[in-house]
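Student: I am new to this structure and would like to learn how to read a few of its features. Could we go through them one at a time?

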Amino acid sequence: MLKARPHSAEGAGTPAKGGLSHYITPAGVGAMRAELTALLRDERPKIVEIVSWAAGNGDRSENGDYQYGKRRLREIDRRIRFLTKRIDNAVIVDPAVQPQRDRVFFGATVTYVNERDEERTVTILGVDEADMAAGQVSLVSPVARALMRAGVGDEVRLLTPRGEEMIEVLAISYPSAP
């Protein structure tokens with residue numbers, strides 16, 4: 001059962017008791033559901049068919065199709081269990097309905113500048129949907145934690161492997177409400 005996070009005007013989009021790792025956007029949970037459906041309806045049945053065919057060919061200990069198929073089935077089943085558990089525990093938060101758009105919360109796209117005058121733009125998303133190459137950072141990442149609740153013009157302290165660094169928030173945006 002999916003849990004929807006209630007949105008109050010004060011503190012909306014901030015971590016609820018139970019953990020940040022369950023926060024996800026509607027698009028993120030949709031992608032997880034699509035992957036789960038593809039595994040259950042397409043990929044797993046094909047591998048089961050290959051394993052059944054390979055098992056009928058005799059000696060399984062020297063049958064590469066059988067051994068690979070069984071290994072792949074274990075991988076698929078492990079991923080299915082993982083996705084099912086993540087979807088069941090997901091707390092879906094739609095950043096488009098964020099009432100406090102002047103502060104950084106889950107789902108915000110934030111442009112900031114560091115001490116070396118390097119400007120960066122990141123979107124703060126759930127653990128399962130973050131992709132650093134696409135400028136998407138996890139809600140539990142150091143940069144996201146540093147930016148939480150900051151407003152435009154605020155300077156916040158970011159702990160990096162190089163040490164402490166100050167970053168300044170230049171812009172905050174959220175997706176448009178439907």
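Tutor: Let us begin with the idea of a nonpolar core, which is a set of buried Ala, Val, Leu, Ile, Met, Phe, Trp, Tyr and Cys residues joined through side-chain atoms within 4.5 Å. Buried means under 20% relative accessible area, exposed over 50%, and partly exposed in between, with a 1.4 Å probe and protein chains only. The model is predicted, so local features need pLDDT of at least 70 and side-chain atom pairs count only at pLDDT 80 or more, while totals for chains, interfaces and linings use all residues. Residues are numbered from 1 along each chain as its sequence is written, and side-chain values use heavy atoms, with hydrogens and water left out.

Student: Which residues of the largest nonpolar core touch the most other members?

Tutor: Among its 26 residues, they are Val104, Val110, Ile124, Leu139, Val143, Leu147 and Ile167. At least two residues each come from S4, S5, H3, S7 and strand S8 (163–173), and H3 gives the most, with 4 residues. Helices (H or I, at least four residues) and strands (E, at least two) are DSSP runs, numbered from the N terminus.

Student: What is the sign of phi in most residues other than glycine?

Tutor: Most of them have a negative phi. Here, aspartate 117 has a positive phi near 60°; this residue lies in the loop between strand S4 (109–113) and strand S5 (119–125) and is exposed, at 66% relative accessible area. Arginine 149 also has a positive phi, of about 70°, and sits in the loop between helix H3 (142–147) and strand S7 (155–160), where arginine 149 is partly exposed at 48%.
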